[in-house]
Amino acid sequence: MAEWMDLTGKVIIVTGGSRGIGEHVVKILRRNNATVIVADLTPNPDYESDENILFINCNVAKKDSVDAMVKEVIDKYGKIDGLLNNAGVSRPRLLVDFYGEKPEYELSEDDFDFMVSINQKGVFLCSQAVARHMIKQKNGVIVNMSSEAGMQGSKGQSCYSGTKGAVLSYTMSWAKELGPFNIRVVGVAPSINERTPMNDDAAFAALAYTRGQDPNNVSSDYEKVIPMGRAGKLDEVADLICYLLSDRASYISGTTINISGAKSTR
Ligand SMILES: NC(=O)c1ccc[n+]([C@@H]2O[C@H](COP(=O)([O-])OP(=O)(O)OC[C@H]3O[C@@H](n4cnc5c(N)ncnc54)[C@H](O)[C@@H]3O)[C@@H](O)[C@H]2O)c1
């Protein structure tokens, strides 16, 4: 019997699909029978035994790399049904190091260029390359990873927040541009979740410094401020994304959905 969220025959690209939230998305897409292309800088060896997962080495911040990835997908499968713009990076940084102890945690030009090139330019490059084909197909869905930080700002993460706010705006604008071609564009804004490599100890230490907190207590402090009393599970975020990529979400476009256990309320 077909699954409720049946994705049989769908060809879906997941950028940054090798680990973290992306890995959970790939798992759920496969459970629902989609063909998945993982566009990432590093492969995930667990995927090698699955002939319906294709890994393509791709740097989303480089146009040549993105165009080559999309060409390979079209040459092999002839179409693209979905794109998840998931690849993203974060470097917690203060605008000004007003504590005066760790200048390395003050936002530098290199930090700015690094985050903007992947989180913002990468989303533009991948969406443009894929939308060219979706327009011809008159069908498709693009899901963009925003963040609570992009909706509400975040102390110690202004640049990251800025990139995620930009993603939120791209979602609204591209949904208006591409809607007439039967292409949906939707955003997802997670808040605090089970830890991923993005939130490793080094990132926690940097974030704690920017917030004047003890690095060892940041996680438990976070959980106190989530009304549902716990961090989100990566599968919960992935379930939402897979739903939005499916035809079950056929009239949802132009919005960014908050998934935060009520921590963010818009
Ligand atoms: N983890 C969270 O709690 C959280 C919360 C809100 C939003 N997000 C967003 O969700 C997305 C995934 O986050 P995550 O925590 O799973 O991150 P992660 O660091 O665990 O995984 C990110 C993946 O992206 C890949 N990647 C990085 N730079 C790339 C590039 N230039 N080209 C191609 N691939 C690249 C990495 O290799 C990695 O596989 C990000 O966009 C992030 O901003 C995460």
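**Backbone outliers, overall fold, ligand shell and second largest pocket**

Ala-262 lies in the segment after β7 (256-259). In this predicted model, the phi angle of Ala-262 is near 75 degrees, a positive value in a residue other than glycine. A positive phi, of about 65 degrees, is also found at Asn-182, which is likewise not a glycine. Asn-182 is placed in the loop that connects α5 to β6 (183-190).

The protein chain contains eight helices and seven strands. Its radius of gyration is 18 Å, close to the 18 Å that the globule rule gives for 266 residues, so the chain is as compact as a globular protein of that length. The C-alpha trace extends over about 55 × 40 × 40 Å along its principal axes.

The ligand is surrounded by 25 residues, of which Ile-21, Asp-40, Asn-86, Tyr-160 and Thr-196 come nearest. By class, this shell consists of 11 nonpolar, 11 polar and three charged residues. Among the secondary structure elements, α1 (20-31) and α5 each contribute at least two residues to the shell.

Polar contacts to the ligand involve both backbone and side-chain atoms of the protein, as the following pairs show. In the side chain of Tyr-160, one of the nearest residues, an N or O atom is 2.6 Å from an oxygen atom of the ligand. At Val-60 the contact is made through the backbone, where an N or O atom lies 3.1 Å from a nitrogen atom of the ligand. A polar atom in the side chain of Asn-199 is positioned 3.5 Å from a nitrogen atom of the ligand. The ligand taken alone exposes 830 Å², and 95% of that area is buried by the protein.

The second largest pocket encloses about 160 Å³ of space. Two elements, α3 (109-137) and α5 (158-178), each give two or more residues to the lining of this pocket. The contribution of α3 is the greatest, at six residues. The lining is made up of Phe-124, Ser-127, Gln-128, Ala-131, Arg-132, Ile-135, Ile-142, Trp-174, Glu-177 and Leu-178. Six of the lining residues are nonpolar, two are polar and two are charged. Helix α5 thus appears in both settings: it supplies at least two residues of the shell around the ligand, and two or more residues of the lining of the second largest pocket.

Methods
Residues numbered from 1 in each chain as written. Predicted model: local features only at pLDDT ≥ 70, side-chain atom pairs only at ≥ 80, totals over all residues. Heavy atoms only, no water. 1 Å grid on protein atoms, 1.4 Å probe; cavity = no way out; pocket = protein on both sides within 12 Å on 5 of 7 lines; lining within 4 Å. Points joined across faces, edges and corners; volume = space filled by probe spheres on them. Helix = DSSP H or I, 4+ residues; strand = E, 2+ residues; numbered from the N terminus. Nonpolar A, V, L, I, M, F, W, Y, C, P; charged D, E, K, R; others polar. Near = heavy atom within 4 Å. Polar contact = N/O pair within 3.5 Å; in protein donor to acceptor, adjacent residues only side chain to side chain. Areas by Shrake-Rupley, 256 points an atom, 1.4 Å probe, with all protein chains shown as cover. Rg over C-alpha atoms; globule rule 2.2 N^0.38 Å.
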